[in-house]
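Visitor: I have a chain open on my screen and would like to talk it through. Could you take me around it?

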Amino acid sequence: MKRKLQVLILLLSLACGSSFAEDQTPPHVAFWNSLAGRWTYEISSDGTKGRVTWRMRARGSALLGRFQDDQGNVSVELAGWLPDNKTLVVNGVGTAGNHWTLTLDKVTPVSVEGKTEGVLPSGLRFKGAFSGKLTNNDLYTVTLERTAEDGETSEIKIVFKRGKPGAAVIDIPWKWLTGHWTIERSDGTSANVHWSKPRADADYLIGKW
């Protein structure tokens, strides 16, 4: 009887420990886990549509996003977590001259809030408050605040919808790098390298030297 009681206590301890570990998932990691995957998006200001794929990197310390809109413009963003001040920072840049910076000091598993500044692919500038909210696992809505020269503020909304399984993969902007290359260095040495994707949906290249 005593042994059975000890086993029961051990099982309860393991169950409680597992539950406690789940509760200790950092909010930014929980948020990124929900974002990871392929999404479509539409920008309210000009109707621009596109696709984005988000993937976690650096053992959960960063999130990498790759965007491609319906005009063929490509953008890349990198989000990182600053543990010392518990702030999420995001920087992005694109081929249309667009760029953005986010400083998010309010982070939960389903929402982020803070400040933003940048330029959309259409050339429209924005600066002010930023909020992003996961309504559910398949819908993510972003609101950007824009302040005009006369001081009047307006909102730009970007609606993200999770892509269906088997949806087209974003064309990563490094096709030009694939193939066989000869490298010549300033010290007179040289090498041959072959860059290729390990699989069709991979977002990285492998170089064989």
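**The barrel and its surroundings**

Guide: In this predicted model, 10 strands form a closed barrel in the order β1-β2-β3-β4-β5-β6-β7-β8-β9-β10, and their pairing is antiparallel. From one strand to the next, the twist averages 25°.

Visitor: OK, and how many helices and strands does the chain have?

Guide: The chain has 2 helices and 13 strands, and the barrel is built from 10 strands, β1 to β10.

Visitor: Let me zoom in on β7 and β8. Over how many bridges do they pair?

Guide: Strand β7, which covers residues 111–119, pairs with strand β8, residues 125–136, over 9 bridges in the antiparallel sense.

Visitor: And which residue in β8 does G114 stand opposite?

Guide: The residue opposite G114 is F130, which belongs to β8.

Visitor: Switching topic: how many cavities of 30 Å³ or more does a search of the whole structure find?

Guide: Such a search finds 3 cavities that reach 30 Å³ or more. The largest cavity holds about 470 Å³ of space, and it is lined by 34 residues, among which F67, E77, W100, I158 and F160 are the closest to its centre.

Visitor: How does one find empty space like that, in general?

Guide: A probe the size of a water molecule is rolled over the atoms, and this shows where empty space is left.

Visitor: Now the loops. What is special about the phi of A58, and where does A58 lie?

Guide: A58 has a positive phi of about 50° although it is not a glycine, and it lies in the loop that runs between β2, residues 49–57, and β3, residues 62–69.

Visitor: What about R59, and is that one buried or exposed?

Guide: R59 is also found in the loop between β2 and β3, and although R59 is not a glycine, its phi is positive at about 55°. With a relative accessible area of 89%, R59 lies over the 50% cut-off and therefore counts as exposed.

Visitor: Back to the whole chain, then: what share of the residues is buried, and what does the accessible surface come to?

Guide: Of the 209 residues in the chain, 31% are buried. The accessible surface of the chain comes to about 13,300 Å², and carbon and sulfur atoms account for 55% of that area.

Visitor: Last one: what share of the contacts with a separation of 6 or more comes from residues 24 or more positions apart?

Guide: Among contacts in the chain with a separation of 6 or more, residues 24 or more positions apart account for 32%.

Notes: Residues are numbered from 1 along each chain as its sequence is written. This is a predicted model: local features need pLDDT of at least 70, side-chain atom pairs count only at pLDDT 80 or more; totals for chains, interfaces and linings use all residues. Side-chain values use heavy atoms; hydrogens and water are left out. Helices (H or I, at least four residues) and strands (E, at least two) are DSSP runs, numbered from the N terminus. Buried means under 20% relative accessible area, exposed over 50%, partly exposed in between (1.4 Å probe, protein chains only). Contact means heavy atoms within 4.5 Å. Accessible areas come from the Shrake-Rupley method with a 1.4 Å probe; for residues, only the protein chains shown count as cover. Two strands pair if DSSP finds at least two bridges between them. Axes are lines fitted to C-alpha atoms, for helices over the stretch in contact, and angles run from 0 to 180 degrees between N-to-C directions. On a 1 Å grid over the protein atoms alone, a cavity is a set of points where a 1.4 Å probe fits but cannot get out, and a pocket is an open set with protein on both sides within 12 Å along at least five of seven lines; lining residues have an atom within 4 Å of a point. Grid points are joined across faces, edges and corners, and a volume is the space filled by probe spheres set on the points.
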